[in-house]
Amino acid sequence: MSIYLDHNATTPVDDRVVDAMLPYLKGGYGNPSSGHRFGRESQQAIQCARERVAALIGVQPAQVVFTSGGTEANNLALKGVMALAGENSGLVVSAIEHSSVLQPATALQAAGCPLAVAGVDGDGKVKSDAFEQAVSKKNVALASVMLANNETGVVQDIAQLSEVARTHGVRMHTDAVQALGKLDIDFSALGVAAMSLSAHKIYGPKGVGALVVEKGLRLQPMLHGGVHEAGLRAGTENVAGIVGFGMAAELMQSGLIQRTDHCERLRQRVEQALLKMAHVVVFSRQVTRLSNTLFFAVKGIEGATLLMSLDRDGIAVSSGSACTSGSGKPSHVLLAMGVEEGLAHGAIRVSFGSRNTVEEVDLLISSLQRQIKSLLKLNSGWA
Amino acid sequence: MSKSERVPVYLDYAATTPADPRVAEKMMACLTMDGDFGNPASRSHIFGWKADEDVKIARGHVAALVNADPREIVWTSGATESDNLAIKGVAHFYRKKGKHIITCKTEHKAVLDTCRQLEREGYEVTYLDVESSGLINMKVLEEAIREDTILISIMHVNNETGVVQDIAAIGELARNKGVIFHCDAAQSAGKIEIDLEKMKVDLMSFSAHKIYGPKGIGALYVRRKPRIRIEAQMHGGGHERGMRSGTLAVHQIVGMGEAFRIAKEEMAAESARLLALRERLMNGFSDMEEIYVNGDLSHHVAGVLNISFNFVEGESLIMALKDIAVSSGSACTSASLEPSYVLRALGREDELAHSSIRFSLGRFTTEADVDYTIELVRKKVEKLRELSPLWEMYKDGVDLSKVQWAAH
Amino acid sequence: MAYSDKVMDHYENPRNVGSFDKDDSAVGTGMVGAPACGDVMKLQIKVSDDGVIEDARFKTYGCGSAIASSSLLTEWVKGKTLQQASEIKNTELAEELALPPVKVHCSVLAEDAIKAAIEDYNSKGGAAAEAAEKAADGS
């Protein structure tokens with residue numbers, strides 16, 4: 001049996017979530033737009049899920065726009081706001097955003113939108129002076145900074161950045177896909193105009209997410225063809241998926257401290273072991289991180305090689321973002337932090353989940369110790 | 001009244017279908033810790049590889065149903081996204097070549113609203129009329145093609161009437177003229193034969209939930225030979241060869257694959273069975289006064305029957321028929337008071353468009369369901385006609401078209 | 001669309017369905033709406049010599065809310081004087097039936113129908129209409 005330590009890539013669906021989805025996979029099958037009983041039942045199920053997702057981040061249900069996932073939510077936020085912002089309006093993003101923010105930003109730039117990228121410090125925190133400088137430029141309409149980074153786990157001070165943005169009349173969007181369920185999120189306290197969420201990172205199903213918007217925020221829809229989601233997102237609703245998202249959100253409502261403490265204990269155990277070894281660098285240790293995320297590299301060892309060795313031991317971790325895995329490129333997050341390319345190539349991300357055990361983690365530690373030792377020996381042999 | 005086993009009887013399969021139990025079972029195996037829950041983009045471990053393999057198998061099933069290459073299938077969140085991606089994707093990619101698009105007035109909102117958006121972006125769109133049969137006139141289409149036409153978007157089977165367009169002929173014409181042809185096949189895939197080796201369709205939209213798969217998943221066929229280019233509409237990790245980013249929803253994709261696999265296996269037998277049921281339904285109404293079939297039944301998908309019951313208003317009829325689930329016009333506009341734009345385009349007067357009911361039959365419809373429906377509809381139409389001042393005037397020999405109605 | 005219990009009740013058991021002879025001088029007929037708009041209401045009142053509505057009938061082509069609005073109206077106008085009946089407001093009907101905003105136009109149509117029926121009755125110069133005119137002259 002393999003040990004799954006890649007929860008930032010995706011999570012298994014909780015059994016209770018599956019139970020909630022099941023009636024809508026099998027029995028309740030109305031199209032929510034239909035006026036008959038089958039349709040109304042689906043519509044009510046969606047409404048209930050909307051309330052649950054809204055409650056998790058402290059907003060009104062009407063502020064939740066369901067999408068096909070975090071990527072669509074990020075695309076909708078950036079393109080939707082910028083499309084209505086008027087000509088020559090500028091956009092600011094941080095250098096460590098997920099590709100589903102960076103790529104739409106690049107696409108907007110290609111279409112003529114002035115884009116500024118705010119850099120981060122060596123720990124992966126957005127430099128507040130660079131951010132302020134970027135948002136204070138003329139005509140900037142939107143800034144997007146993620147709440148917690150998927151690779152390093154670093155938590156940004158969104159409330160403070162939002163305030164800076166607001167003083168310059170700039171709206172703030174935050175990608176909270178990785179933070180949801182791992183931090184206590186209060187939409188209004190963060191002062192953002194929009195926030196992206198995803199179900200499959202919180203033990204919900206893939207293929208469903210949401211963009212949460214502040215009241216009155218005007219967005220141009222990305223998908224046209226019907227008045228679903230208050231006209232912001234056309235397409236027959238993924239009823240079972242949305243119901244699953246609602247249930248997953250409901251389950252995240254309680255037990256946050258237990259979950260984070262559990263992950264923190266597991267992480268510390270691995271981290272302490274790693275730090276005893278030579279050549280190991282743990283990233284972003286000095287700043288607030290998600291308690292489940294551990295990002296490190298071993299000098300002189302290729303990440304891909306170590307991943308293969310761990311896989312042979314039945315341990316599933318990753319080299320960083322799943323969405324760019326296999327590309328062979330070093331993490332853009334580490335490069336933005338000023339980590340030199342050779343070391344960045346060696347990066348390994350371990351992301352814990354609530355069901356991981358101390359035993360599993362000890363297997364990871366012994367595997368790491370063994371594999372790193374032999375790989376280093378191999379390297380020195382070549383030298 | 002004959003007893004149907006299941007009340008209310010579901011006769012709205014064109015709006016959505018229940019997932020086949022075989023589909024639900026496959027999906028279940030891709031959710032939890034003991035199943036293939038991994039992210040297919042994870043290249044570093046077995047969880048990701050297994051998920052990737054599941055996706056590959058499903059892609060094969062979808063491609064097989066329409067005789068395409070699996071590499072020509074791009075997953076989306078549904079037919080609405082497929083339509084958006086196809087139309088905007090072509091328009092944006094080929095904008096330097098031209099800015100003229102041809103579509104038809106009876107298309108689904110996902111096509112029409114996307115075209116309207118492109119008009120706001122400076123494109124020009126021709127919305128073709130249809131004949132009273134519901135078919136487009138090939139000559140009219142040919143005449144609409146201009147030097148700067150980049151795209152023709154015509155659906156295969158209409159969602160409201162069930163009328164089948166001759167997409168093979170449209171494909172030939174489009175190819176001859178060097179125009180890209182997109183076809184929304186949400187209502188036809190798995191119901192009538194589609195062979196993309198033979199048919200010259202360049203882009204085709206599919207939905208899972210219209211053929212017993214899950215909601216929230218669809219696909220776009222993008223032809224490789226000759227190669228069709230589209231500009232991505234959703235940017236991110238570069239999934240789906242850069243055409244559509246976003247974590248692949250494995251259980252959804254697996255569900256769609258299984259639905260398409262079953263459809264390929266059972267399509268011939270199922271459509272013969274549905275045709276017999278539809279004829280039974282039609283025969284049950286045929287002696288009623290003042291009923292009108294919408295759409296030409298000789299160019300028609302098996303499971304759909306759209307009828308206008310003159311002098312009875314559609315919404316009140318649907319209310320009266322609460323023991324059967326049917327729709328008046330498209331589900332996506334059923335909350336509005338507008339008469340169906342599709343029936344208007346067929347040349348139906350507003351009052352007949354207002355009086356229409358779409359019965360759509362499917363895999364789990366039985367003869368008993370149909371018989372129950374016939375009896376209920378006859379009874380309720382009679383009751384509502386007793387209530388209808390228009391019926392009274394018609395019976396008194398008043399020519400309703402000559403009446404001066406008060407503006408309101 | 002979810003309907004209120006009251007709408008459902010009137011829809012399932014419409015009151016006073018039918019027709020009077022529209023040429024009867026004691027009968028006022030109001031026909032409003034248009035088939036193309038999806039609703040037509042025919043409302044008829046039978047008026048006594050002293051100007052009281054003795055009986056009412058309706059036929060409606062339209063949605064459930066339109067049928068319920070006209071059915072309720074026939075109940076309300078019975079026993080009322082023409083003056084009282086003409087003062088019935090659509091908002092009262094909409095409130096009683098708990099009509100959602102998209103269906104408020106059905107109650108407007110019902111109000112138009114009773115006004116049209118009264119007008120038709122008055123235009124025929126029936127007994128009560130004359131009495132009403134006299135009363136007006138006298139004041």
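A residue is called buried here if 20 or more other C-beta atoms lie within 10 Å of its own. Keep that cut-off in mind for the first stop. The structure on your screen is a predicted model.

**Stop 1: chain C**

Select chain C and colour it by secondary structure. You will find 6 helices and 3 strands. Walk from the start of the chain to its end and the order reads α-β-β-β-α-α-α-α-α. Now think of the cut-off again: of the 139 residues in chain C, 46% are buried. Next, turn to the contacts within chain C between residues at least 6 apart in sequence: 65% of these join residues at least 24 apart.

**Stop 2: the two domains of chain A**

Move to chain A and give its two domains separate colours. Domain 1 is made of two stretches, 3–11 and 256–382, while domain 2 covers 15–252. Between the centres of domain 1 and domain 2 of chain A, taken over C-alpha atoms, there are 28 Å. Where they meet, domain 1 of chain A brings 25 residues to the contact and domain 2 of chain A brings 27.

Which elements should you select on the domain 1 side of chain A, the side that touches domain 2? Try α9 (256–275), β10 (293–298) and α11 (332–336) of chain A, each of which supplies at least two residues. Coloured by class, that side of domain 1 shows 9 nonpolar, 14 polar and 2 charged residues.

**Stop 3: two helices of chain A**

Stay in chain A and select residues 303–312, which form helix α10. Show the side chains of A:Leu306, A:Leu307 and A:Leu310, and mark A:Gly303 as well: these four residues are buried. Look down the helix axis and you can see why they belong together: they cover an arc of only 105° around the axis, which puts them on the same side of α10(A). In general, an α-helix has 3.6 residues a turn, so residues three or four places apart point the same way. Follow the chain past α10(A) to A:Gly314, which has a positive phi, near 75°.

Now select residues 70–83 of chain A, helix α3. From first C-alpha to last, the 14 residues of this helix reach 19 Å, close to the 20 Å expected at 1.5 Å a residue. Is α3(A) largely enclosed or largely open? Of its 14 residues, 13 are buried, so α3(A) is largely enclosed by the rest of the structure.

**Stop 4: where chain B meets chain A**

Bring chain B into view beside chain A. Each of the two chains gives 59 residues to their contact. On the chain B side, highlight α1 (21–28), α2 (46–65), α3 (79–93), α4 (109–120) and α7 (250–285), the elements that give two or more residues. The most come from α4(B), with 5 residues. By class, the chain B side divides into 24 nonpolar, 28 polar and 7 charged residues.

**Stop 5: B:Cys115 and its neighbours**

Zoom in on B:Cys115, which sits in helix α4 of chain B. B:Cys115 is buried, with 25 other C-beta atoms within 10 Å. Leaving aside residues up to four places away in sequence, B:Cys115 touches B:Ile87, B:Ile101, B:Thr103 and B:Val125. For a longer view, draw a line from B:Cys115 to B:Val381: they are 266 residues apart in sequence, and their C-alpha atoms are 38 Å apart.

**Last stop: confidence in chain B**

Colour chain B by pLDDT. Its mean is 93, and 96% of its residues reach 70 or more. Then select residues 330–334 of chain B, where pLDDT stays under 50. The model has 18 contacts beyond four places in sequence for this stretch of chain B. Where pLDDT is low, the predicted coordinates should not be read in detail.

Methods:
Residues numbered from 1 in each chain as written. Chains lettered and ligands numbered in written order. Predicted model: local features only at pLDDT ≥ 70, side-chain atom pairs only at ≥ 80, totals over all residues. Domains from an automatic or database assignment. Contact = placed C-beta atoms within 7 Å. Nonpolar A, V, L, I, M, F, W, Y, C, P; charged D, E, K, R; others polar. Buried ≥ 20, exposed ≤ 12 C-beta atoms within 10 Å, placed from the backbone. Arc of directions from axis to C-beta. Expected span 1.5 Å × (residues − 1). pLDDT = per-residue confidence, 0-100.
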